[in-house]
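This report describes selected packing and pairing features of one protein model. The sequence and the structure are shown first.

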Amino acid sequence: MTVNGALRSTQWFGATGRSGMAYRGWMRSQGFTPEVFDGRPVIGIATTWSELAPCNVHLHRVAESVKRGVWQAGGFPLEFPAMALGETLLRPTAMLYRNLLAMEAEELMRANPLDGVVLLSGCDKTTPGLLMAAASVDLPAVMVTGGPMLNGKYQGTDVGSGTAVWRFEEDLVAGRMTQEECVFAEGCMARSNGHCMTMGTASTMASMAEALGMQLPYSATWPAVDARRYETAQRAGQVVVGLVRDDLRPSAIMTRAAFENAIRVNAAIGGSTNAVIHLLAIAGRLGVPLSLDDFDVLARDVPTLVNLQPSGQYLMEDFCYAGGLPAVMRELAENGLLHADAVTVTGSAVGANVAEAACWNREVIKTVAEPFQPAGTGTAVLRGNLAPGGAVIKQSASSPHLLKHRGRALVFDSPTDYYAVSNDPDLDVDEDTVLVIRYCGPRGYPGMPEVSNVALPKKLLLGGVRDMVRICDGRMSGTAYGTVVLHVSPEAAAGGPLALVRTGDWITLDVPARALTLEVSDDELAARRAQWQPPAAHASRGWTYLYTEHVLQADAGADLDFLVGASGHPVPKDSH
Ligand code: FES
């Protein structure tokens, strides 16, 4: 990344006079010798470390490995914090802040004397947030995700983070587990550093970063505590210095072909529906044309190859030992399902990166010829009068018998309203009922939380029912399962038809036909719309105000309208 033949950072550290003294002098308070300002590439290490983001708490140590690599390759590493988003703690949802992280990191990368960046992420929103930022600044960048936790172990069995929580809760409600057993089990589930080790959103987005070509091969799957996680981080530090010298930037890596690869990889790994929203948002920063329908079209001929929870049996540690993402990508490439010539941060094409990738366990990573689930069972995009802007459903996490279903709606304006009555033995619900939970979208909640897969009514759980159709304008955790229609767009709070559904209406879900239909006439819907009142604003100041005023709908990636696109790296004006 050069400006007039010199590295960008030279505008700061190569300056003479008062400005140069100010730029270098205060940096030397950290004990750097003068030669670090000799024009070598300055590499920012954006870390989303925080004790409030437990999945990212080891990123300080990962950063030390990155620094080693940067020094080795002749660069000058400087670590800086970017907003850490802990999925489990943040209220009302970490997703409310993904765009704030992206905006903060973008501005920090641009405003500082950096020639390239290494992006350290882990928990769900930190990976897309940093990729969105890097796309909008377009400085050479390599991502290093923090890696998954070790497999959870409870009573002799593997338990997956997130996925097990839903099951434990159901077992608690149904009386199969005690509260004491649940407390013991939670400690067995999260027993090492790292992000969720199911194929939830964090593992999915780490895989997406690798599939897009933005992190090194195998980087998505090394467990957080594995020495090779740190080896990969050191390698990333070396690689980013080379990217600066070659001026290979995110816009040259995250092309339409790379996004098509990522979408197909997401189908092959049984990845999270959240990848849809995040990939749309990242593409929007780059000006890469990508639509909701691309996800359906591109995924239709891709079978699920990876047998991981929540769709399957195994966990990320098993996936790593079985060969990791390169083994999956090789299988896709050999079956004509990958753009093998897409360039990556290695400087080589993705096809070359994965050509020799071995699979060591066909129970975990299946083949296209004998897949875990057949083609066409990935995330489907639904449309109809209930979701004119589209909705998604993860077929592999759904119950096959519910993929074609007709039932009467039972409508709630929030998950809270639903949970207030969900244990009522007299609740008017049966296994054919379609639960509608609304006002959970980007504007409505706000922030589009992962609340859509509400637990089943106690009455049904006690009767042995394990799944029912749920429809929501919110999201679902990538670790979750169930027949849940998600991301209904436009959302209820934006006046989407979901706001007009009434308890007792008939709804038809037909996933093979990609249809979601509210069986209410247009005239009746128009009459209901005339009576509809938009909900009161959530805030009159601060980030929530800015967010709700500007957030786009889910089918456009839920970015803020004024953040779509890129501004590049130039900052012509000096600060002194
Ligand atoms: Fe952080 Fe699951 S809670 S990755």
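In this predicted model, helix 4 contributes Arg-98, Ala-102 and Glu-106 to a contact with helix 12, where the partners are Ile-277, His-278, Ala-281 and Arg-285. The residues of this contact comprise three nonpolar, one polar and three charged. The axes of helix 4 (residues 98-111) and helix 12 lie 13 Å apart and meet at an angle of about 30°. Because angles under 35 degrees count as roughly parallel, helix 4 is classed as roughly parallel to helix 12. The crossing of helix 4 past helix 12 is right-handed.

Helix 12 (274-286) is also among the elements against which the buried residues of helix 8 pack. The others include helix 5 (126-137), strand 6 (141-145) and helix 11 (256-269), together with helix 14 (316-322) and helix 15 (324-334). Helix 8 (residues 201-211) is largely enclosed by the rest of the structure, because eleven of its eleven residues are buried. Among these buried residues are Met-205, Met-208 and Glu-210. Just after helix 8, Gly-213 adopts a positive phi of about 95°.

A further topic is the pairing of strand 11 (residues 404-412), which is joined to strand 15 and to strand 12.

| Partner of strand 11 | Sense | Bridges | One residue pair |
|---|---|---|---|
| Strand 15 (residues 506-510) | antiparallel | five bridges | Arg-406 with Thr-508 |
| Strand 12 (residues 434-437) | parallel | four bridges | Ala-409 with Val-434 |

Strand 11 thus pairs in the antiparallel sense with strand 15 and in the parallel sense with strand 12.

Methods: Residues are numbered from 1 along each chain as its sequence is written. This is a predicted model: local features need pLDDT of at least 70, side-chain atom pairs count only at pLDDT 80 or more; totals for chains, interfaces and linings use all residues. Side-chain values use heavy atoms; hydrogens and water are left out. Buried means under 20% relative accessible area, exposed over 50%, partly exposed in between (1.4 Å probe, protein chains only). Helices (H or I, at least four residues) and strands (E, at least two) are DSSP runs, numbered from the N terminus. Contact means heavy atoms within 4.5 Å. Two strands pair if DSSP finds at least two bridges between them. Axes are lines fitted to C-alpha atoms, for helices over the stretch in contact, and angles run from 0 to 180 degrees between N-to-C directions. Angles under 35 degrees count as roughly parallel, over 145 as roughly antiparallel, 65 to 115 as roughly perpendicular and the rest as oblique. A crossing is left-handed if the near helix is turned anticlockwise from the far one by less than a right angle, and right-handed if clockwise. Ala, Val, Leu, Ile, Met, Phe, Trp, Tyr, Cys and Pro count as nonpolar, Asp, Glu, Lys and Arg as charged, and the others, Gly among them, as polar.
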